[in-house]
Amino acid sequence: MSPSFRPLATLMLASFVAFANPAWASDEQQTATMSLNGYGEVTATPDMAMVTSGVVSQADTARDALTANTKAMTALIDQIKKAGIEARDIQTSGFSISPRYAQKRLPKDGSWQEERKIVGYQVNNGVSVRVRDLTGLGALLDAMVSEGANRIGGINFIVSDANKRLDEARTAAVEDVQGKAKLYAEAAGVKLGRILSISENSYGMRPQPMMMDRAKVMAEGAPVPVEAGEETLRSEVTITWELKN
């Protein structure tokens with residue numbers, strides 16, 4: 001029997017297998033798809049704020065620095081409560097005691113260099129305050145500085161129903177991407193099939209924290225002017241469709 005000879009039954013079986021499994025005979029046909037991005041955004045006016053403040057105290061000993069700081073912080077927190085802030089909205093945000101080292105001026109360039117000699121101690125104690133009524137924010141800041149707060153970290157404005165407003169941006173993003181998909185499908189002469197995947201990237205663009213100058217506030221002697229502005233909430237949605245001829 002010749003080595004290249006194959007029985008007829010074997011040839012018929014091979015043909016049947018190739019017919020039943022087209023991928024064996026040729027590459028599998030790829031599904032046509034289309035992926036598009038949609039965008040949506042809404043603006044919202046902040047209705048709350050988070051203020052970070054505190055007192056920095058210095059003394060020759062750690063005990064004296066702590067005593068002075070405790071007295072000042074107690075008065076500051078009492079003033080915050082008198083301004084109408086509830087206890088649940090007041091939280092200690094940082095506490096530390098650190099040594100202060102002597103410094104000397106270098107003769108060559110006149111710069112300062114720290115010596116490893118302790119000359120005193122410094123106590124930092126901070127407090128975070130959630131302000132639910134922005135109409136009284138300026139007066140609160142003025143009262144805090146007047147009562148002894150010598151460190152104001154800044155103000156972060158908050159939209160309390162941000163998740164609800166973000167859902168509006170998500171809806172707008174889906175409507176945007178659906179409109180694009182219909183337009184492209186019609187222009188390309190194809191039809192949209194089932195949705196294969198949906199993904200999103202949603203976020204809010206928050207205003208930068210507003211820093212406070214204690215010396216300026218004390219000099220002016222008037223409630224601090226505060227403007228909350230607006231916050232923009234954005235959503236980006238990516239949808240992939242199967243295409244049909």
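In this predicted model, residue N125 belongs to strand β4, which covers residues 112-131, and a useful way into the fold is to ask what surrounds this side chain. With a relative accessible area of 12%, N125 is buried, because the cut-off for that class is under 20%. Once its neighbours within four places in sequence are set aside, N125 is in contact with S53, G54, V55, N69, M73, T92, G94, F95 and R151. Two of these partners, N69 and M73, lead to helix α3, where both are among the buried residues.

Helix α3 runs over residues 62-82, and its 21 residues, taken at 1.5 Å each, should span 30 Å; the C-alpha atoms at its ends are 30 Å apart, which agrees with that expectation. The buried residues of α3 are A65, N69, M73, L76 and I80. Viewed down the axis of α3, these buried residues fall within an arc of 65 degrees, so they line one face of the helix. On the other side of α3 the picture is reversed, since R63, K71 and K82 are exposed there. Just after this helix comes G84, which takes a positive phi of about 100 degrees.

G84 also takes part in the next feature, as one of the residues that line the largest pocket. That pocket holds about 170 Å³ of space, and its lining consists of A83, G84, I85, E86, R88, D89, R130, V131, R132, D133, G136 and L140. Sorted by class, the lining comprises 4 nonpolar, 2 polar and 6 charged residues. Among the lining residues are R130 and V131, which lie within the range 112-131 of strand β4, while L140 falls within the range 137-146 of helix α4.

Helix α4 is mostly covered, with 8 of its 10 residues buried, namely L137, G138, L140, L141, D142, A143, M144 and V145. The pocket-lining residue L140 is therefore placed in the buried class, under 20% relative accessible area, as are its helix neighbours L141 and D142. Against this background, A139 of α4 stands apart: at 44% relative accessibility, A139 counts as partly exposed. Although 86 residues separate A139 and P225 along the chain, their C-alpha atoms are separated by 8.8 Å. After α4 comes G148, whose phi is positive and near 130 degrees.

A further link across the sequence is found at strand β7, residues 231-244, which contains L243. Here the C-alpha atoms of L243 and A32 are separated by 5.4 Å, although the two residues are 211 positions apart along the chain. Apart from neighbours within four places in sequence, the contacts of L243 are with A32, T33 and M34, and with V190, K191, L192 and G193.

These local views can be set against the chain as a whole. The chain has 6 helices and 7 strands, and from the N terminus on its elements run α-α-β-β-α-β-β-α-β-α-β-α-β. Of its 245 residues, 29% count as buried. Among the contacts in the chain with a separation of 6 or more, residues 24 or more positions apart account for 83%; the contact between L243 and A32, whose positions are 211 apart, is an example of such a pairing across the sequence.

Notes:
Residues numbered from 1 in each chain as written. Predicted model: local features only at pLDDT ≥ 70, side-chain atom pairs only at ≥ 80, totals over all residues. Heavy atoms only, no water. Helix = DSSP H or I, 4+ residues; strand = E, 2+ residues; numbered from the N terminus. Expected span 1.5 Å × (residues − 1). Buried < 20%, exposed > 50% of the residue type's maximum accessible area, 1.4 Å probe, protein only. Arc of directions from axis to C-beta. 1 Å grid on protein atoms, 1.4 Å probe; cavity = no way out; pocket = protein on both sides within 12 Å on 5 of 7 lines; lining within 4 Å. Points joined across faces, edges and corners; volume = space filled by probe spheres on them. Nonpolar A, V, L, I, M, F, W, Y, C, P; charged D, E, K, R; others polar. Contact = heavy atoms within 4.5 Å.
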